[in-house]
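These are my notes from looking through one model, taken in the order in which I looked things up.

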Amino acid sequence: MKLLEAPSIRASALKKKITDRTAVVGVVGIGYVGLPLAVEKAKVGFDVIGYDRNPIRVDQLNQGLNYIRDVRDEELTDMVESRKLRATTDFSSLASCDCIVICVPTPLTLNKEPDISYIRAVAKEIAKTLRAGQLVSLESTTYPGTTQEVLLPLLSESGLKIGEDFFLSFSPERVDPGNARYTTKNTSKVVGGVTDACLDVATTFYQQTIASVYPVSSPKVAEMTKVFENTFRAVNIALVNEMTLLCDRLGISVWDVLDAASTKPFGIMRFDPGPGVGGHCIPLDPFYLAWKAREYDMNVRFIELAGEINWTMPYFVREKVMRALNERGESIKGSDLFMLGVAYKKDIEDWRESPALKVMELLRKDGARINYYDPHVPSFTDEHGEMWHSIPLSREVMERASAVIILTDHSVIDYKKVVDCARLVIDTRNATKGVRADRQNVVML
Ligand SMILES: NC(=O)c1ccc[n+]([C@@H]2O[C@H](COP(=O)([O-])OP(=O)(O)OC[C@H]3O[C@@H](n4cnc5c(N)ncnc54)[C@H](O)[C@@H]3O)[C@@H](O)[C@H]2O)c1
């Protein structure tokens with residue numbers, strides 16, 4: 001039987017500061033995950049300091065200027081004006097924080113291996129001023145083991161004792177950008193602590209702002225939970241994408257199949273195909289797990305296979321465009337292609353890892369002239385450093401294009417008008433499903 005640890009005096013003192021909201025909260029990395037978290041903590045009365053090495057974000061926050069859609073403008077302004085929330089690039093004040101949450105990026109290297117250099121860099125900053133009575137909680141998505149194998153040794157170099165002097169936890173962020181129903185506040189949160197005291201303090205911390213907190217037995221379980229959730233999505237999207245490739249060969253509509261399959265009330269869950277996967281999670285996180293699995297002599301084949309299929313999709317879109325133009329006696333070379341949407345999913349402004357960029361690159365290499373419209377992405381820089389600008393969506397632009405290619409199904413676009421104006425529409429998202437009549441010019445994925 002596991003012996004319960006004696007309650008740490010420091011843990012009790014920190015919990016008290018947390019429950020009476022006198023604890024100072026530091027959020028390191030104030031992006032898509034960090035900013036909503038910082039605002040939620042400030043709203044319930046904590047003093048919150050955002051730390052970021054990007055001075056532009058820091059200035060914007062300090063001026064109360066919002067840059068993340070999921071955060072309400074007025075809430076951010078209120079918190080900044082009431083001095084509950086501020087930001088800095090100077091990490092020396094981290095010692096003043098009682099609870100420090102890490103929300104920095106976890107990308108992949110060019111070879112698709114985990115790049116946890118951001119986590120390491122932040123851990124080293126925190127370690128410089130770590131003091132007794134602090135909670136450090138990692139929220140960045142990562143492979144199972146990061147908290148105990150990477151963070152804990154770096155923080156322990158201070159000489160402070162885990163579970164007695166300082167507390168360490170992992171709690172994955174599950175934010176779904178653009179989802180109005182499930183936000184940071186009402187999405188349940190999994191927490192794993194390095195020791196019982198760590199779990200106790202971390203659970204108390206998250207309970208202040210989140211309706212349902214689910215404690216698990218270790219940070220590793222919490223880390224694994226997050227990568228499993230994202231792998232589940234990646235694999236199911238890949239499955240439906242592969243069915244799309246097959247339906248294309250069979251000459252049937254995958255969308256009809258999905259609509260029919262969705263009438264089954266049990267044993268099935270709908271995932272929609274598309275031009276590929278994007279964002280900071282689905283294309284990346286499963287590879288954190290695949291990399292870790294190799295350390296244990298395992299190849300997680302579902303992940304590799306899902307990645308392979310999902311990466312195929314931009315090439316399939318290119319093939320669809322080529323075939324559709326060919327039908328009209330035209331070629332991609334010299335064509336004028338107009339992309340609708342570059343964000344990786346509908347109604348958001350995030351274009352990181354967006355498959356739209358890959359489609360654009362492929363078609364441009366084939367000799368097409370490419371322009372795009374995205375109501376949420378006025379401009380972006382591609383991986384070659386070239387800056388692209390959205391051009392207004394007008395009747396003339398659509399009429400002039402050899403084809404309009406729908407890559408993101410943003411809600412504000414009038415798809416009936418698109419189908420009316422364009423000579424040819426390639427719809428990779430079923431965005432035109434509401435247009436029932438006169439759609440001979442529409443080619444579905
Ligand atoms: N965006 C999502 O939908 C989402 C959802 C769940 C989990 N996550 C995970 O959360 C983590 C953060 O993702 P994000 O989308 O918020 O990223 P982001 O790029 O929007 O924000 C990260 C911020 O960290 C800052 N930063 C980088 N290095 C830093 C350092 N050394 N010190 C301080 N600040 C630093 C960056 O300037 C940036 O502002 C990732 O691990 C991601 O996988 C993201």
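**Ligand contacts**

I began with the ligand, bearing in mind that this is a predicted model, and noted that one of its nitrogen atoms is 3.3 Å from an N or O atom in the side chain of arginine 53. I then looked up aspartate 52, where an N or O atom of the side chain is 2.6 Å from an oxygen atom of the ligand. For threonine 106 I found a side-chain N or O atom 2.5 Å from an oxygen atom of the ligand. I also looked up how much of the ligand is covered, and the protein covers 93% of the 820 Å² of accessible area that the ligand has on its own.

My next entry concerns the shell as a whole, which has 26 residues around the ligand, with Val33, Asp52, Arg57, Thr106 and Arg352 coming nearest. When I sorted this shell by class, I noted 13 nonpolar, 7 polar and 6 charged residues.

**Cavities**

I searched the whole structure for enclosed space and recorded 4 cavities of 30 Å³ or more. Which residues line the largest cavity? I listed Ala234, Val277, Ile282, Pro283, Pro286, Phe287, Ile303, Ala306, Gly307, Asn310 and Trp311, around a space of about 80 Å³. Both α10 and α11 supply at least two residues of this lining, and the largest share, 5 residues, comes from α11. By class I counted 9 nonpolar and 2 polar residues in the lining of the largest cavity, with no charged residues.

For the second largest cavity I noted about 50 Å³ of space, lined by Pro172, Glu173, Arg174, Val175, Thr183, Thr184, Thr187, Ser188 and Lys189. The lining of the second largest cavity divides into 2 nonpolar, 4 polar and 3 charged residues.

**Backbone angles**

Last, I looked up positive phi values, keeping in mind that most residues other than glycine have a negative phi. Lysine 112, although not a glycine, has a positive phi of about 60 degrees, and I placed lysine 112 in the loop between β4 (99–102) and α5 (117–129). Is lysine 112 buried or partly exposed? Its relative accessible area is 34%, so I entered lysine 112 as partly exposed.

Aspartate 297 is also not a glycine and has a positive phi of about 55 degrees; I found aspartate 297 in the loop between α10 (285–295) and α11 (301–327). I entered aspartate 297 as exposed because its relative accessibility is 75%, with exposed taken as over 50%.

Key: Residues are numbered from 1 along each chain as its sequence is written. This is a predicted model: local features need pLDDT of at least 70, side-chain atom pairs count only at pLDDT 80 or more; totals for chains, interfaces and linings use all residues. Side-chain values use heavy atoms; hydrogens and water are left out. Helices (H or I, at least four residues) and strands (E, at least two) are DSSP runs, numbered from the N terminus. Buried means under 20% relative accessible area, exposed over 50%, partly exposed in between (1.4 Å probe, protein chains only). A residue is near a molecule or strand if one of its heavy atoms lies within 4 Å of it. A polar contact is a pair of N or O atoms within 3.5 Å; within protein, one must be able to donate a hydrogen and the other to accept it, and residues adjacent in sequence count only if both atoms are side-chain atoms. Accessible areas come from the Shrake-Rupley method with a 1.4 Å probe; for residues, only the protein chains shown count as cover. Ala, Val, Leu, Ile, Met, Phe, Trp, Tyr, Cys and Pro count as nonpolar, Asp, Glu, Lys and Arg as charged, and the others, Gly among them, as polar. On a 1 Å grid over the protein atoms alone, a cavity is a set of points where a 1.4 Å probe fits but cannot get out, and a pocket is an open set with protein on both sides within 12 Å along at least five of seven lines; lining residues have an atom within 4 Å of a point. Grid points are joined across faces, edges and corners, and a volume is the space filled by probe spheres set on the points.
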